[in-house]
Amino acid sequence: MEHLRKIGVPLLSIVVFLGLWEGLVWVNGWPNYKMASPSDLPPAFWKYHMLFLEMGWQTLWRTVLGLCIAVVAGTGLGMIMGFSRIARDALYPLLVGFNAIPKATLVPVIALIFIGQHDFNTVLMAFLISFFPIAVSVSIGLSTLEPEYRDILRALGASRLTIFRKIALPKTLPEFFGALKVSVTLAFIGTNLVEIVSPHGRGLGALFKSGETNGDYPLMFAVLIALAFLGIVLYYAVVALEKIFAGWAERPHA
Amino acid sequence: MEHLIEIKGVSHAYTTKSGPLPVLDGLEIAVPEGEFCAVVGPSGCGKSTLTRLIAGLMRPDRGEVWLHGARVTSPRKTVGMAFQNPVMLEWRTILENVILPLEIVAPKMPRAERVARAEHLLEMVGLKGFEGKRPSELSGGMRQRASLCRAIVHKPDVLIMDEPFGALDAFTREDLWQTMRDLRAAEPFTCVLITHDLREAVFLGDQVVVLSGRPARTQRVIDVDLPADRTLDILFEPRAQDMLHALRDEIRIAQGRVPAAPAH
């Protein structure tokens, strides 16, 4: 029963959503070059299924790689800012300023610096757009650690590294995973920005672009759905990791 | 007599925006080995600073802190600490929380030995059967019991407690006093207890040190000549009542409510 609810309810909501979409297109009598309907999608997927697999894989690995770099760099930055007030004062304005820049404006800049390095540029953008929430959450998690938590180990002569490993790191994990869930979706935006804008790009973004060029609207919508699907998969992968590493933070339902 | 803890002329001040804020001023405390020293004083008189100094987490501006005939300049493995907040690590079970200090102090101790030691202590404080629970599943009093176990699991010579029972209700607090008394009977250690509760100080202490208001000096030391195996009833006996009255008067003086009696 519990399982049925957990899987059935989200599935039902998706079916209802698709039904409303189909209905909207049908009621308005829109042709598929104005708005594709869900029933246009399976043929589009079938027609290009090899492309979807190949491009989807391209988008996925770049996003995941960018995200992994963002996790390492974001955690590192967060640690520096969490432990040192001076570093925090120095880095926060820079980070906030950088984060405020619309990343679409960076695409041509990056494309000019690293001409033709499509894989590299895509991964770089996924990283640039997604490290900020991680850095901020880790730094806040560390800087708000109550002094008693540090003292129980410090009083025994434990090193800073030990205190970080045994107390600060696990205590920050729930915040970290909260930020990672935001970063997952951001990283997809980064990957696709580059894939769409770059000429001769690869990945789902490029497939979207080719759909636009050829006036194949069902293909464009199919790409959007494929992206949503990948986003959901990656998001729930993070949720699964969170359950393993920070499941203790979840209070049993009263 | 050999004093395990000696605090000699310790003064300390914090730097604040409005200049230095002196909290301790020429403090003198001496605790013989195995004795229980309760420290009472008005709010904000620097009692918590005192615990951090003894633990070696801070160094005083002036004066010296000695443990076991050696001057304290940094943290030592032979100290245990407990705070008002039980500071349970939510991601560990109760058993793993109690084991934590052993991971630092005795990294080579076999796992089975650690578990046995922790289980033994948990049983003594009445937490048998709760070893595998998460801290969030326990009541405040139970978490504080686990916190006490963790503070002494590595057999420290000195246990430093900063108002450990302050956040508990009156009956739970009295239960924990008795737990503390039993632990001391089973596991000898020297103890410094910071508290606001005069009855707690008299029930648990071998000596009660009264600190003056900020900056704190040693205002008075009262020896508690009650038997070691005291029960709560002893608090209603005249000799305990006399002590409580004397302490009450000292606190009033420390708070500055009545002028100190002229020296005679």
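Me: Contact here means heavy atoms within 4.5 Å. How many residues of chain A are in contact with chain B, and how many of chain B with chain A?
Reply: This is a predicted model. Both sides of the interface are counted by that cut-off. The result is 17 residues of chain A and 25 residues of chain B.

Me: How much area do chain A and chain B bury between them?
Reply: The size of an interface is often given as the accessible area lost when the parts come together. Here 70% of the buried area is on carbon and sulfur atoms. The total for chain A and chain B is about 1,900 Å².

Me: Which residue of chain B forms a salt bridge with Lys166(A)?
Reply: A salt bridge needs a Lys or Arg side-chain nitrogen within 4 Å of a carboxyl oxygen of Asp or Glu. The rule finds two across this interface. For Lys166(A), the closest N and O atoms are 2.8 Å apart, and the partner is Glu103(B).

Me: Which helix gives the most to the side of chain A that touches chain B?
Reply: Helix H7 (147–154) and H8 of chain A each supply at least two residues there. That side divides into nine nonpolar, two polar and six charged residues. The top contributor, with six residues, is H7(A).

Me: Which helix gives the most to the largest nonpolar core?
Reply: This core has 99 residues. Phe52(A), Leu204(A) and Ile5(B) are among the members that touch the most others. Leu204(A) touches residues including Phe52(A), Met55(A) and Val223(A). The leading helix, with 14 residues, spans 160–197 of chain A: helix H8.

Key:
Residues are numbered from 1 along each chain as its sequence is written. Chains are lettered from A and ligands numbered from 1 in the order in which they are written. This is a predicted model: local features need pLDDT of at least 70, side-chain atom pairs count only at pLDDT 80 or more; totals for chains, interfaces and linings use all residues. Side-chain values use heavy atoms; hydrogens and water are left out. A nonpolar core is a set of buried Ala, Val, Leu, Ile, Met, Phe, Trp, Tyr and Cys residues joined through side-chain atoms within 4.5 Å. Buried means under 20% relative accessible area, exposed over 50%, partly exposed in between (1.4 Å probe, protein chains only). Helices (H or I, at least four residues) and strands (E, at least two) are DSSP runs, numbered from the N terminus. Buried area is the accessible area (1.4 Å probe) that two parts lose on being put together, summed over both. Ala, Val, Leu, Ile, Met, Phe, Trp, Tyr, Cys and Pro count as nonpolar, Asp, Glu, Lys and Arg as charged, and the others, Gly among them, as polar. Lists of a residue's contacts leave out its neighbours within four places in sequence.
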